[in-house]
Amino acid sequence: MVIGLGSIGLRHARILNDLGCQVTTVSRRGGGDHVSIASAVAAAHPEYAVVATETAGHRASLGELADIGFRGSVLVEKPLFANTGSAPDYPFADLMVAYNLRFHPVMTALANQLAGRNAITVSAYVGQDIRDWRPGRDHRTTASATIEAGGGVLRDLSHELDYLLWLFGPWQRVAALGGASGARQIEVDDHIDLLLEMQGARAVQVHMDYLDRSGIRKIRINLADETIEADIVGGRLTVNGKATDYACERDASYRAMHLAAIHGDKPICSLSEGLAVMDLIDASERALQSKDWVSA
(Lines give C-alpha, C1' and ligand atoms only; values in the text may rest on other atoms or scores of the structure.)
Protein backbone atom coordinates (compact mmCIF):
# COMPACT_ATOMS: atom_id res chain seq x y z
CA MET A 1 0.00 0.00 0.00
CA VAL A 2 1.39 3.39 -1.03
CA ILE A 3 -0.03 6.35 0.91
CA GLY A 4 0.31 9.65 -0.96
CA LEU A 5 0.49 10.03 -4.72
CA GLY A 6 2.77 12.97 -5.30
CA SER A 7 5.77 12.42 -7.55
CA ILE A 8 7.60 10.21 -5.03
CA GLY A 9 4.49 8.20 -4.16
CA LEU A 10 3.86 7.48 -7.84
CA ARG A 11 7.46 6.38 -8.17
CA HIS A 12 7.19 3.99 -5.22
CA ALA A 13 3.96 2.52 -6.63
CA ARG A 14 5.48 1.99 -10.07
CA ILE A 15 8.64 0.36 -8.72
CA LEU A 16 6.75 -1.95 -6.36
CA ASN A 17 4.46 -2.95 -9.23
CA ASP A 18 7.54 -3.69 -11.35
CA LEU A 19 8.85 -5.88 -8.52
CA GLY A 20 5.70 -8.00 -8.82
CA CYS A 21 3.86 -6.67 -5.79
CA GLN A 22 0.09 -6.19 -5.77
CA VAL A 23 -0.09 -2.45 -5.12
CA THR A 24 -3.01 -0.43 -3.79
CA THR A 25 -2.77 3.34 -3.48
CA VAL A 26 -4.26 5.98 -1.18
CA SER A 27 -4.74 9.63 -2.10
CA ARG A 28 -7.06 11.99 -0.28
CA ARG A 29 -6.91 14.28 -3.32
CA GLY A 30 -8.20 11.58 -5.65
CA GLY A 31 -6.48 9.60 -8.36
CA GLY A 32 -5.68 6.62 -6.14
CA ASP A 33 -7.47 3.34 -5.51
CA HIS A 34 -8.74 4.66 -2.17
CA VAL A 35 -9.25 8.03 -0.50
CA SER A 36 -8.50 6.79 3.03
CA ILE A 37 -5.99 4.51 4.69
CA ALA A 38 -8.78 2.69 6.52
CA SER A 39 -10.63 1.76 3.33
CA ALA A 40 -7.43 0.59 1.66
CA VAL A 41 -6.47 -1.66 4.59
CA ALA A 42 -9.99 -3.08 4.83
CA ALA A 43 -10.16 -3.86 1.13
CA ALA A 44 -6.62 -4.93 0.27
CA HIS A 45 -5.20 -6.28 3.58
CA PRO A 46 -1.67 -5.09 2.75
CA GLU A 47 1.42 -6.48 4.47
CA TYR A 48 3.73 -3.57 3.57
CA ALA A 49 2.94 0.15 3.64
CA VAL A 50 4.86 3.08 2.20
CA VAL A 51 4.10 6.53 3.66
CA ALA A 52 4.83 9.07 0.92
CA THR A 53 2.71 12.00 2.07
CA GLU A 54 4.16 15.45 2.69
CA THR A 55 6.72 15.34 5.50
CA ALA A 56 4.41 17.26 7.83
CA GLY A 57 1.79 14.52 7.41
CA HIS A 58 3.95 11.53 8.33
CA ARG A 59 2.98 11.44 12.01
CA ALA A 60 -0.73 11.54 11.19
CA SER A 61 -0.43 8.76 8.59
CA LEU A 62 1.53 6.54 10.97
CA GLY A 63 -0.95 7.22 13.77
CA GLU A 64 -3.86 6.29 11.52
CA LEU A 65 -2.15 3.07 10.44
CA ALA A 66 -1.58 2.11 14.07
CA ASP A 67 -5.12 3.01 15.14
CA ILE A 68 -6.83 0.90 12.48
CA GLY A 69 -4.81 -2.18 13.41
CA PHE A 70 -2.17 -2.35 10.68
CA ARG A 71 0.62 -4.63 11.92
CA GLY A 72 2.80 -5.07 8.85
CA SER A 73 6.05 -3.33 7.94
CA VAL A 74 6.15 0.39 7.16
CA LEU A 75 8.62 2.44 5.11
CA VAL A 76 8.35 6.21 5.61
CA GLU A 77 9.70 8.68 3.07
CA LYS A 78 12.61 10.74 4.39
CA PRO A 79 12.85 12.52 6.67
CA LEU A 80 10.91 10.58 9.30
CA PHE A 81 9.08 13.63 10.67
CA ALA A 82 8.95 17.37 10.04
CA ASN A 83 10.14 18.12 13.58
CA THR A 84 12.16 16.31 16.20
CA GLY A 85 10.60 14.44 19.09
CA SER A 86 10.21 10.90 20.31
CA ALA A 87 8.19 8.42 18.30
CA PRO A 88 5.24 6.56 19.81
CA ASP A 89 5.61 2.86 20.46
CA TYR A 90 4.18 1.87 17.10
CA PRO A 91 2.76 -1.69 16.86
CA PHE A 92 4.17 -2.37 13.39
CA ALA A 93 6.34 -5.37 12.56
CA ASP A 94 9.02 -2.85 11.54
CA LEU A 95 9.29 0.87 10.83
CA MET A 96 12.01 2.09 8.45
CA VAL A 97 12.98 5.31 6.68
CA ALA A 98 13.48 5.60 2.91
CA TYR A 99 17.11 6.72 2.69
CA ASN A 100 17.70 4.97 -0.63
CA LEU A 101 21.22 6.37 -1.14
CA ARG A 102 22.43 3.67 1.25
CA PHE A 103 21.68 1.29 -1.64
CA HIS A 104 23.38 3.25 -4.40
CA PRO A 105 26.27 1.12 -5.76
CA VAL A 106 28.77 3.97 -5.28
CA MET A 107 27.77 4.29 -1.62
CA THR A 108 27.97 0.52 -1.20
CA ALA A 109 31.48 0.60 -2.64
CA LEU A 110 32.38 3.54 -0.39
CA ALA A 111 31.18 1.75 2.73
CA ASN A 112 33.20 -1.31 1.76
CA GLN A 113 36.29 0.83 1.06
CA LEU A 114 36.03 2.52 4.47
CA ALA A 115 35.42 -0.81 6.22
CA GLY A 116 34.52 0.98 9.44
CA ARG A 117 37.75 3.01 9.60
CA ASN A 118 37.79 6.51 11.05
CA ALA A 119 38.41 9.49 8.77
CA ILE A 120 40.40 12.65 9.36
CA THR A 121 38.40 15.02 7.13
CA VAL A 122 35.10 14.58 5.30
CA SER A 123 33.46 17.00 2.88
CA ALA A 124 29.95 16.31 1.56
CA TYR A 125 28.34 18.52 -1.08
CA VAL A 126 24.84 18.34 -2.53
CA GLY A 127 23.33 21.04 -4.73
CA GLN A 128 20.22 20.83 -6.89
CA ASP A 129 18.18 23.68 -8.37
CA ILE A 130 14.70 23.34 -6.89
CA ARG A 131 13.22 24.76 -10.09
CA ASP A 132 14.29 21.62 -11.95
CA TRP A 133 12.82 19.09 -9.53
CA ARG A 134 9.27 18.87 -10.81
CA PRO A 135 9.01 20.00 -14.43
CA GLY A 136 5.76 21.74 -15.23
CA ARG A 137 5.10 22.83 -11.64
CA ASP A 138 5.81 26.15 -9.99
CA HIS A 139 8.52 25.24 -7.47
CA ARG A 140 7.18 27.86 -5.07
CA THR A 141 3.97 25.87 -4.59
CA THR A 142 5.59 22.52 -3.82
CA ALA A 143 5.99 20.94 -0.38
CA SER A 144 9.74 21.47 -0.61
CA ALA A 145 9.23 25.24 -0.62
CA THR A 146 7.02 25.69 2.45
CA ILE A 147 7.66 25.49 6.17
CA GLU A 148 4.16 24.14 6.85
CA ALA A 149 4.73 21.09 4.63
CA GLY A 150 8.15 20.36 6.13
CA GLY A 151 10.35 21.65 3.31
CA GLY A 152 13.84 23.15 3.29
CA VAL A 153 17.28 21.80 2.45
CA LEU A 154 17.95 20.15 5.82
CA ARG A 155 14.92 17.91 5.38
CA ASP A 156 14.75 17.47 1.61
CA LEU A 157 18.48 16.79 1.30
CA SER A 158 18.87 14.89 4.59
CA HIS A 159 20.38 11.93 2.71
CA GLU A 160 23.74 13.56 3.50
CA LEU A 161 23.04 13.58 7.23
CA ASP A 162 21.86 9.98 7.13
CA TYR A 163 24.84 8.58 5.27
CA LEU A 164 27.30 10.54 7.41
CA LEU A 165 25.74 9.09 10.56
CA TRP A 166 25.68 5.64 8.93
CA LEU A 167 29.36 5.78 7.90
CA PHE A 168 30.92 7.80 10.74
CA GLY A 169 28.73 7.24 13.76
CA PRO A 170 27.12 9.72 16.14
CA TRP A 171 27.77 13.45 15.89
CA GLN A 172 29.31 15.27 18.84
CA ARG A 173 28.86 18.96 18.00
CA VAL A 174 27.65 21.07 15.09
CA ALA A 175 27.85 24.67 13.85
CA ALA A 176 25.85 26.13 10.94
CA LEU A 177 25.63 29.00 8.46
CA GLY A 178 22.95 29.60 5.85
CA GLY A 179 19.28 30.42 5.53
CA ALA A 180 16.76 31.66 2.97
CA SER A 181 18.59 33.70 0.33
CA GLY A 182 15.50 34.82 -1.56
CA ALA A 183 17.05 33.69 -4.85
CA ARG A 184 14.31 31.10 -5.43
CA GLN A 185 11.48 33.14 -3.85
CA ILE A 186 10.71 30.53 -1.21
CA GLU A 187 10.30 30.84 2.56
CA VAL A 188 12.44 27.89 3.61
CA ASP A 189 16.24 27.70 3.96
CA ASP A 190 17.66 27.21 0.46
CA HIS A 191 21.31 26.81 1.49
CA ILE A 192 23.16 25.66 4.57
CA ASP A 193 26.70 24.72 5.54
CA LEU A 194 27.43 22.57 8.57
CA LEU A 195 30.65 21.91 10.42
CA LEU A 196 30.55 18.73 12.47
CA GLU A 197 32.67 16.73 14.81
CA MET A 198 31.71 13.07 14.67
CA GLN A 199 32.75 9.90 16.43
CA GLY A 200 34.39 8.51 13.31
CA ALA A 201 35.60 11.74 11.67
CA ARG A 202 37.49 14.65 13.20
CA ALA A 203 36.24 17.40 10.87
CA VAL A 204 33.14 17.07 8.67
CA GLN A 205 31.85 19.76 6.31
CA VAL A 206 28.37 19.49 4.76
CA HIS A 207 27.03 21.81 2.08
CA MET A 208 23.37 21.66 0.92
CA ASP A 209 21.56 23.98 -1.47
CA TYR A 210 18.53 24.41 -3.74
CA LEU A 211 20.62 26.61 -6.05
CA ASP A 212 23.19 24.57 -7.98
CA ARG A 213 22.37 24.83 -11.68
CA SER A 214 24.23 21.74 -12.83
CA GLY A 215 23.43 19.47 -9.88
CA ILE A 216 26.08 17.71 -7.84
CA ARG A 217 26.27 15.11 -5.08
CA LYS A 218 29.77 14.15 -3.89
CA ILE A 219 31.60 13.15 -0.74
CA ARG A 220 35.40 13.48 -0.35
CA ILE A 221 37.22 11.76 2.49
CA ASN A 222 40.80 11.89 3.73
CA LEU A 223 42.21 9.03 5.76
CA ALA A 224 45.86 8.73 6.78
CA ASP A 225 46.90 7.06 3.51
CA GLU A 226 43.86 7.37 1.27
CA THR A 227 41.83 10.09 -0.38
CA ILE A 228 38.44 8.82 -1.49
CA GLU A 229 35.86 10.65 -3.59
CA ALA A 230 32.37 9.27 -4.17
CA ASP A 231 30.54 10.94 -7.06
CA ILE A 232 26.96 9.74 -6.66
CA VAL A 233 25.55 11.60 -9.66
CA GLY A 234 28.48 10.56 -11.86
CA GLY A 235 28.51 6.94 -10.61
CA ARG A 236 32.21 6.91 -9.79
CA LEU A 237 34.39 6.04 -6.79
CA THR A 238 37.95 7.35 -6.89
CA VAL A 239 40.62 6.12 -4.47
CA ASN A 240 44.02 7.86 -4.57
CA GLY A 241 43.28 9.01 -8.11
CA LYS A 242 42.21 5.59 -9.44
CA ALA A 243 38.57 5.72 -10.59
CA THR A 244 36.05 2.90 -10.79
CA ASP A 245 32.70 3.48 -12.50
CA TYR A 246 29.44 1.94 -11.29
CA ALA A 247 26.38 1.58 -13.46
CA CYS A 248 23.23 2.66 -11.68
CA GLU A 249 20.01 3.33 -13.52
CA ARG A 250 17.53 5.69 -11.94
CA ASP A 251 15.39 3.23 -9.97
CA ALA A 252 18.04 0.69 -8.91
CA SER A 253 18.61 2.06 -5.40
CA TYR A 254 14.85 2.27 -4.80
CA ARG A 255 14.31 -1.34 -5.87
CA ALA A 256 17.12 -2.52 -3.60
CA MET A 257 15.75 -0.44 -0.73
CA HIS A 258 12.24 -1.87 -1.06
CA LEU A 259 13.54 -5.44 -1.21
CA ALA A 260 15.61 -4.80 1.93
CA ALA A 261 12.62 -3.24 3.70
CA ILE A 262 10.32 -6.13 2.78
CA HIS A 263 12.83 -8.77 3.87
CA GLY A 264 14.30 -6.88 6.83
CA ASP A 265 17.80 -6.73 5.35
CA LYS A 266 20.62 -4.27 6.03
CA PRO A 267 21.53 -1.50 5.51
CA ILE A 268 17.93 -0.23 5.62
CA CYS A 269 17.55 2.86 7.82
CA SER A 270 15.91 1.86 11.09
CA LEU A 271 13.52 3.89 13.22
CA SER A 272 16.27 4.75 15.70
CA GLU A 273 18.57 5.87 12.86
CA GLY A 274 15.78 7.96 11.36
CA LEU A 275 15.26 9.64 14.73
CA ALA A 276 19.02 10.31 14.94
CA VAL A 277 18.79 12.22 11.64
CA MET A 278 15.91 14.28 13.05
CA ASP A 279 18.00 15.03 16.14
CA LEU A 280 20.83 16.31 13.95
CA ILE A 281 18.42 18.43 11.87
CA ASP A 282 17.07 19.99 15.07
CA ALA A 283 20.57 20.66 16.42
CA SER A 284 21.65 22.18 13.09
CA GLU A 285 18.68 24.56 13.14
CA ARG A 286 19.49 25.57 16.73
CA ALA A 287 23.11 26.15 15.74
CA LEU A 288 21.99 28.27 12.78
CA GLN A 289 19.77 30.41 15.00
CA SER A 290 22.22 30.77 17.89
CA LYS A 291 25.32 31.23 15.69
CA ASP A 292 27.14 28.97 18.13
CA TRP A 293 28.18 25.35 18.51
CA VAL A 294 25.50 22.90 19.63
CA SER A 295 26.65 19.73 21.37
CA ALA A 296 24.94 16.36 21.29
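Axes are lines fitted to C-alpha atoms, for helices over the stretch in contact, and the angles between them run from 0 to 180 degrees between N-to-C directions. In this predicted model, the axes of helix H6, which spans residues 159-168, and helix H8 come within 10 Å of one another and cross at roughly 115°. The crossing of H6 and H8 is right-handed. On the side of H6 the contact is made by Leu 161, Asp 162 and Leu 165, while H8 contributes Ala 276, Val 277, Leu 280 and Ile 281. Sorted by character, the residues of this contact comprise six nonpolar and one charged, with no polar residue among them.

The strands provide the second element of the description. Nine of them form an open sheet of mixed pairing, in the order E13-E12-E11-E10-E6-E9-E8-E7-E15. The edges of the sheet are strand E13 (242-245) and strand E15 (294-295), each of which pairs on one side only. In general, strands of a sheet pair through backbone hydrogen bonds, and they may do so in either a parallel or an antiparallel manner.

Towards the E15 edge, strand E7 (residues 171-179) and strand E8 (residues 191-198) run antiparallel and are joined by eight bridges. Within this pairing, Trp 171 has Met 198 of E8 as its bridge partner, and Ala 176 is partnered in E8 by Leu 194. E7 is also joined to E15, again in the antiparallel sense, by two bridges, and here the bridge partner of Val 174 is Val 294.

Towards the E13 edge, E11 and E12 pair in the antiparallel sense over four bridges, with Glu 229 standing opposite Thr 238 of E12. These two strands form a hairpin with four residues between them, and Gly 235, which lies in the turn, has a positive phi of about 65°. Four bridges likewise join E12 to E13, and these strands run antiparallel, with Leu 237 placed opposite Thr 244 of E13. In the hairpin of E12 and E13 there are two residues between the strands, and Asn 240 takes a positive phi near 50°.

Helices also lie against the sheet. Helix H4 (residues 105-114) lies across strand E10 (216-222), strand E11 (227-231) and strand E12 (236-239), and runs at about 165° to E11. Helix H8 (residues 271-290) packs on the sheet as well, touching E7, E8 and E15, and its direction makes about 55° with that of E7.

The largest nonpolar core has 73 residues, and those with the most contacts inside it are Leu 65, Val 74, Leu 110, Leu 164, Phe 168, Ile 219 and Ile 221. The largest share of this core, seven residues, comes from H8. When neighbours within four places in sequence are left aside, Leu 110 is in contact with Leu 167, Ile 219, Ile 221, Ile 228, Ala 230 and Leu 237. A second core, separate from the largest one, has 15 residues and includes Val 2, Ile 15, Leu 75 and Ala 260.

Note on methods
Residues are numbered from 1 along each chain as its sequence is written. This is a predicted model: local features need pLDDT of at least 70, side-chain atom pairs count only at pLDDT 80 or more; totals for chains, interfaces and linings use all residues. Side-chain values use heavy atoms; hydrogens and water are left out. Two strands pair if DSSP finds at least two bridges between them. Contact means heavy atoms within 4.5 Å. A crossing is left-handed if the near helix is turned anticlockwise from the far one by less than a right angle, and right-handed if clockwise. Ala, Val, Leu, Ile, Met, Phe, Trp, Tyr, Cys and Pro count as nonpolar, Asp, Glu, Lys and Arg as charged, and the others, Gly among them, as polar. A nonpolar core is a set of buried Ala, Val, Leu, Ile, Met, Phe, Trp, Tyr and Cys residues joined through side-chain atoms within 4.5 Å. Buried means under 20% relative accessible area, exposed over 50%, partly exposed in between (1.4 Å probe, protein chains only).
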